[in-house]
Amino acid sequence: MENLTSLVNKIQRACTALGDHGDESALPSLWDSLPSIAVVGGQIGSSGKSSVLESIVGKDFLPRGSGIVTRRPLVLQLQKIDEGREYAEFLHLPRKRFTDFAAVRKEISDETDRETGRTKQISSVPIHLSIYSPNVVNLTMIDLPGLTKVAVEGQPESIVQDIENMVRSFIEKVSLMRLHGFSIFFEGEALPNCIILAISPANQDLATSDAIKISREVDPKGERTFGVLTKIDLMDKGTDAVDILEGKSYRLQFPWIGVVNRSQADINKSVDMIAARRREREYFANTPEYKHLAHRMGSEHLGKMLSKHLENVIKSRIPSIQSLINKTIIELESELSRLGKPIAADAGGKLYMIMEISRVFDQIYKEHLDGVRPGGDKIYNVFDNQLPAALKRLQFDKQLSMENVRKLITEADGYQPHLIAPEQGYRRLIESSIVSIRGPAEAAVDAVHAILKEMINKAISETAEFKQYPALRVEVANAACDSLDRMRDESKKATLKLVDMECSYLTVDFFRKLPQDIEKGGNPTHSIFDRYNDSYLRRIGTTVLSYVNMVSATLRNSIPKSIVYCQVREAKRSLLDHFFTDLGKLEPKQLASLLNEDPAVMARRTALAKRLELYRSAQAEIDAVAWSK
């Protein structure tokens with residue numbers, strides 16, 4: 001049982017250290033799921049709240065004074081030790097032990113001022129104080145600011161409502177987790193986790209008690225409220241608190257407990273707690289009205305009962321807390337993954353991060369080209385369908401019609417007709433046909449370029465890290481497109497050279513293998529335009545068409561090779577080479593601008609990382625307790 005109380009204490013300290021105070025936020029709260037005891041009392045007329053806590057601890061350690069003294073929640077964790085000198089430790093002062101409890105009181109006041117300033121403002125950020133002593137029971141309580149009805153000088157008018165809201169945030173907390181604006185319940189309905197220690201003075205009408213009023217609102221059946229009645233010894237003569245202590249005036253599920261604190265005179269005389277407890281026991285044992293209740297009265301009994309009840313509540317809640325922790329860790333890890341890694345602080349780290357993200361994009365792009373991801377097949381479609389169709393649309397047979405052949409042959413002869421064969425005519429006919437292949441060749445280059453650019457957009461959208469850094473996304477996309485433009489220009493030059501090569505040098509063997517023509521030409525008596533008969537011109541056209549078709553078939557195979565070599569291959573090898581070269585020349589500020597992230601996203605990631613650290617720590621603590629059993 002002591003292990004469980006100690007476990008909750010550790011998790012509470014981790015909550016405070018990592019910013020989980022149970023207040024409303026867009027983050028899941030582990031604090032809200034932990035069982036606790038909240039000490040509630042009124043400020044006006046002094047309910048004796050501080051004296052009750054000191055009586056349970058057996059030490060003077062709380063600040064005293066008029067007005068609102070408790071201005072921050074004080075999480076008081078009592079740890080029983082077997083032997084040794086008692087000491088105190090603050091979470092905000094690790095490794096520093098306080099053996100002088102007057103110094104503890106001063107540190108509480110100083111730490112309150114550090115958070116709220118030397119004003120009378122309040123703060124919901126708790127102070128964690130652990131006290132180790134052989135004279136205490138294992139118990140954790142949260143001392144809350146006293147409820148008040150009026151603001152004192154130096155406080156805003158809203159202080160009354162502010163304090164009430166803070167108290168309610170503790171005593172209304174239930175075992176649910178707030179995440180992304182939704183409430184996620186575990187193991188059925190939400191269960192209240194806060195035990196209310198409602199402290200009321202016996203010398204005032206219970207109907208006016210601030211503690212009873214607010215506890216009745218949040219716990220109307222009194223199922224988790226412990227009523228503590230103070231100042232019983234200060235009641236008017238002829239009156240007593242028996243009806244209240246016996247549960248007749250106001251019934252709670254748990255019996256009321258009466259305590260007799262030290263008087264102001266005792267405090268001024270520094271009467272120690274051991275003597276005060278002895279006098280308290282004697283008061284209930286010797287006062288006729290309370291003698292029959294003495295066995296369940298006093299601060300010692302109150303501490304033991306609260307400790308036992310808290311342990312039982314913790315034991316019953318551990319399974320649901322484990323469930324909450326495990327499910328929340330998954331949720332937090334998932335969101336952190338979506339948000340991406342945090343930005344490195346130094347220039348080298350930023351450069352490395354930019355290059356790593358760029359390489360992720362580059363790899364995705366290569367996967368599109370290699371068929372791991374869709375898109376690369378469109379390039380093959382250009383070579384297998386678009387280019388052959390474009391070549392077919394050139395219709396070389398129409399370009400080599402009888403009229404066109406006659407015209408080019410006669411023009412090539414000039415003023416002197418050819419002697420054996422119209423070689424210049426042949427060349428002109430062949431060149432005029434082959435040069436038209438430049439169009440489909442350029443179109444193939446541009447079509448592949450468009451596909452490669454389209455794949456850049458796909459790879460950019462599939463690189464999750466770019467969603468985190470829009471400036472880097474734009475820069476990488478522009479750099480990749482610039483590289484593709486350069487590759488397209490080089491590819492166009494190389495591809496058109498292939499066409500020009502076919503024009504500049506004809507394959508002689510093709511013509512040598514043709515059957516020799518015994519007919520030397522037309523009738524010399526005819527005009528120059530009738531020099532060849534139709535049969536001969538038709539043969540010339542057929543021969544040229546055969547040659548052009550052969551060249552076209554050759555280019556149909558070589559153009560894709562040129563495009564793949566100059567564009568596709570280079571895109572795989574060096575798409576971001578220029579970008580990486582330029583990246584090394586950038587100043588730190590320019591690198592930082594590429595990783596310029598939405599401040600809200602950065603703040604969210606930091607908060608999620610802290611909360612994840614808290615939940616993992618809690619998970620480890622719970623597992624350690626489970627293994628120890």
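Is Glu335 buried or exposed? Keep that in mind as you load this predicted model, and start by selecting helix 9, residues 299-339, where Glu335 sits. Its relative accessibility is 9%, so Glu335 counts as buried, the cut-off being under 20%. Now add Arg604 to the selection: its side chain makes a polar contact with the side chain of Glu335, at 2.9 Å.

Next stop, the sheet. Colour its eight strands and follow them across in the order 3-4-2-5-1-8-9-10; this is an open sheet with mixed pairing. Take a look at strand 3 (87-90) and strand 10 (257-258): they stand at the edges with a single partner strand each, so one side of each has no neighbour in the sheet.

Now zoom in on strand 2 (residues 74-80) and strand 5 (residues 139-143), which run antiparallel and are joined by five bridges. To see one pairing, pick Leu74: its bridge partner in strand 5 is Asp143.

Last, a couple of backbone oddities. Most residues other than glycine have a negative phi. Select Arg95, in the loop between strand 3 and helix 3 (101-116): this non-glycine residue has a positive phi of about 70°. Arg95 counts as exposed, because its relative accessibility is 79% and the cut-off is over 50%.

Then hop to Lys231, in the loop between strand 9 (225-230) and helix 6 (242-245). Lys231 is not a glycine either, yet its phi is positive, about 60°. Where does its 19% relative accessibility put Lys231, buried or exposed? With the cut-off for buried at under 20%, Lys231 counts as buried.

Notes
Residues are numbered from 1 along each chain as its sequence is written. This is a predicted model: local features need pLDDT of at least 70, side-chain atom pairs count only at pLDDT 80 or more; totals for chains, interfaces and linings use all residues. Side-chain values use heavy atoms; hydrogens and water are left out. Two strands pair if DSSP finds at least two bridges between them. Helices (H or I, at least four residues) and strands (E, at least two) are DSSP runs, numbered from the N terminus. Buried means under 20% relative accessible area, exposed over 50%, partly exposed in between (1.4 Å probe, protein chains only). A polar contact is a pair of N or O atoms within 3.5 Å; within protein, one must be able to donate a hydrogen and the other to accept it, and residues adjacent in sequence count only if both atoms are side-chain atoms.
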